[in-house]
Amino acid sequence: MTVPVAAVAAAIALIVLLVIVATAPAAVSLPGLPDAGSLTHWGLPIARVVGEVASVGTVGWLLAAAVLIPSQQGRLGAAARRHGRAAAVAAAVWAAAAVAELVFTASDISARPPGEMADPSALRSFVEATPQGRALLVVAVCALIVALVGATLMSTVAAGWLLALACAGLIPTAFTGHAAGSSQHALAVVALGLHILAAVVWTGGLLALTTMRGLADDSFLAALRRYSRLAAAAAAATAVGGIASAAVRLGGFGPLVEDRYGLLILGKIAGLVAAVAIGGLVRRRVIGRLSGAVAAGGAVTDAEPPAAAVAAGGDDSSPAARRRVFRGLAAVEISVLAATFGLAAGLSRTPPPVNDAAVPPNATEAMLGYPMPPPITPERLLTSWRPDWVFLGLAMLAAGLYLTGVIRLARRGDSWAVGRTVGFLAGLVLVVVVTSGGLGLYGPVLLSVHMSQHMILTMLAPIPLVLGAPITLALRALRPASAPYRSGPREWLLAALHSWPARVVTHPLFVTANFAGSLYILYLSPLLGYLMNDHLGHLFMNAHFLMTGFYFFEVLIGIDPLPKRPPHPGRVLMLVAVIPFHAFLGLTIMSTTTVLGSSWYEQLVRPWGATPLDDQGTAGGITWSFGEIPTLIVMLVLAVQWSRTDERRARTRERRVDAAGVDDQLDAYNAYLARLNGTGPAPAPSIPSQGDNAAPKGTGGKPPS
């Protein structure tokens, strides 16, 4: 079933795409101008749709192995391993399609035949010079890693990490398409990324369910129920992301019916509505009846019913019959979704309508994604607001999950410290203010504000987040998985905490080196300019420094379970060791005579404020002086925790002494002091054991009897 469903879906997507490309208006060819040729004209959209279908298979089969199919004590069963191998094959196709798309994209942009752009040196130049090249290279690398590792999957943790990597490979291309060229590109690309990720998870999970063979009916029903909940959320996210991204690009309802681009979007909307309707039919007619059939007939495998039962017409309510009904409906839904993927590939080759409101009026606004803000003042820095939808959305999600956990504990009769809840929410508010407030508005404009963002995200915001103990709350609030799942969110979290990536990123040496060295790598290398010129780079920097600070302070003052945590003297040493690094970096930046991130800050036309070099000196001063207050806070927290640990140990020892009625350690120490003063009894002579063949003096060389 695996090959037919995937092949049919790919064929439908290709047919839709070819119809769109064939009916597109012919491009105007001017005499004397080079042309990439018909091979690029047809090859680029075909490579794109093949990559999209392969990515659906990769994500879907990894989703089945890691999440949908019940595991066996964290180990993948035979069905899950088969899905892992299928994901590896699909990832290999995805990687090859990404490389082909890279060649055809280079040919299309440079207006040169693809044979010339297949040269390694030409591809290298294209990757270094264009965001499209860098994005496709990241996609190819992610898919290649999944292809190499997926065939050997044995545990749900490994499958989960590969699933996260495959999902990450879906995102880069969203930051280089039509959405990235609008004046509101931050909102447009985030919405498009959400739309793509949710649509792939929705379609891929459904594809994986149609390929589950040899799985007991109770396990299949468990996978179907888990997917049903996931698909509902994915469908909603697909709709929200698609509507937001299209609204930015179209600028109104008129282009939906007046322009070819809008008509293609209407086709996608119709396909999504039809897929949602079919999914609702599956939930109403299949899941409930399959549950009843499994309860009545027991958990049996997906075997065909006996011929006599088929002839008698009495098998329509059996589990096997219900599963065939599901596969039929799922095949229709996959076909509809495949058609929408073909429409999406056709949209990428169709110029969007001209929306004057979405076209940046100048190069500076095109770089920033919004107009140059007015001159900076303390009031504007504190009161300005420009939402960073990624961090705002993640913060709202984190707050909702945290409060849900607190409420669940309260309903169960367990307590949770109010201070931890307040601290965690305060940390989230600080993250939102830093990324969506005045600091987020002026950060891309001034290096000093940009540095302030990173200092707060690294050294201040993580402290209340860590003290909120979110992992401990999750472990207490999440229920253990019940049969037949045998693994769920709580088990996945525990497995992730004990995995080797967690041991690496939380090791004291690693977190200390990362905390002290990340700023050096970013600000004293060309990496700053590369990341500043890409919206994904902005998000990566903020997320990296927030997580760097979170891991560092989690090791120092956190209470969440970690694979390795040093004793309190070692934590104090870690904190003291990183202080000079920030001071030295600040002095280095202040004394540098070249503009850091010059490919970004020197290209911005900023008609107010200090020069980039003078502002850079201010950024160095912020780096040099910022760490004193957070260091003092953490040192106080460490001192309190150290004192409480000693008190707990003393109380524990006292309880043991009270239970035993004697303090062996204190008596032994008093006896030792008495012997030193010559007032205590001599220690009892040691008597050799029966197995000791050494003869003591005065026994005539014979062992004692």
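Start your tour with two helices, α2 and α7, which run roughly antiparallel to each other. Keep in mind that you're looking at a predicted model.

**Stop 1: the helix pair.** Select residues 38–68 for helix α2 and residues 156–168 for helix α7. Two packed helices are described by the angle between their axes and the distance between the axes. Here the angle is about 155 degrees, and the axes sit 8 Å apart. An angle over 145 degrees counts as roughly antiparallel, and that's why α2 and α7 get that label. As you rotate the view, look for the left-handed crossing that α2 makes with α7.

**Stop 2: where they touch.** Show the side chains of T58, V59, L62, L63, A65, A66 and V67 on α2. Then add T156, A159, G160, L162, L163, A166 and C167 on α7, which they meet. What classes of residue make up this contact? Count 11 nonpolar and 3 polar residues, with no charged ones.

**Stop 3: a histidine in α19.** Now jump to helix α19, residues 447–459, and pick out H450. Is H450 buried or exposed? It's buried, with a relative accessible area of just 3%. Leaving aside neighbours within four places in sequence, H450 is in contact with G443, Y523, L528, M532, M541 and Y601. Try clicking the C-alpha atoms of H450 and L439 too: they're separated by 7.3 Å, and the two residues are 11 apart along the chain.

**Stop 4: zoom out.** Select the whole protein chain and you'll find 31 helices and 0 strands. Of its 705 residues, 47% count as buried. The accessible surface comes to about 33,700 Å², with 67% belonging to carbon and sulfur atoms.

Note on methods. Residues are numbered from 1 along each chain as its sequence is written. This is a predicted model: local features need pLDDT of at least 70, side-chain atom pairs count only at pLDDT 80 or more; totals for chains, interfaces and linings use all residues. Side-chain values use heavy atoms; hydrogens and water are left out. Axes are lines fitted to C-alpha atoms, for helices over the stretch in contact, and angles run from 0 to 180 degrees between N-to-C directions. Helices (H or I, at least four residues) and strands (E, at least two) are DSSP runs, numbered from the N terminus. Angles under 35 degrees count as roughly parallel, over 145 as roughly antiparallel, 65 to 115 as roughly perpendicular and the rest as oblique. A crossing is left-handed if the near helix is turned anticlockwise from the far one by less than a right angle, and right-handed if clockwise. Contact means heavy atoms within 4.5 Å. Ala, Val, Leu, Ile, Met, Phe, Trp, Tyr, Cys and Pro count as nonpolar, Asp, Glu, Lys and Arg as charged, and the others, Gly among them, as polar. Buried means under 20% relative accessible area, exposed over 50%, partly exposed in between (1.4 Å probe, protein chains only). Accessible areas come from the Shrake-Rupley method with a 1.4 Å probe; for residues, only the protein chains shown count as cover.
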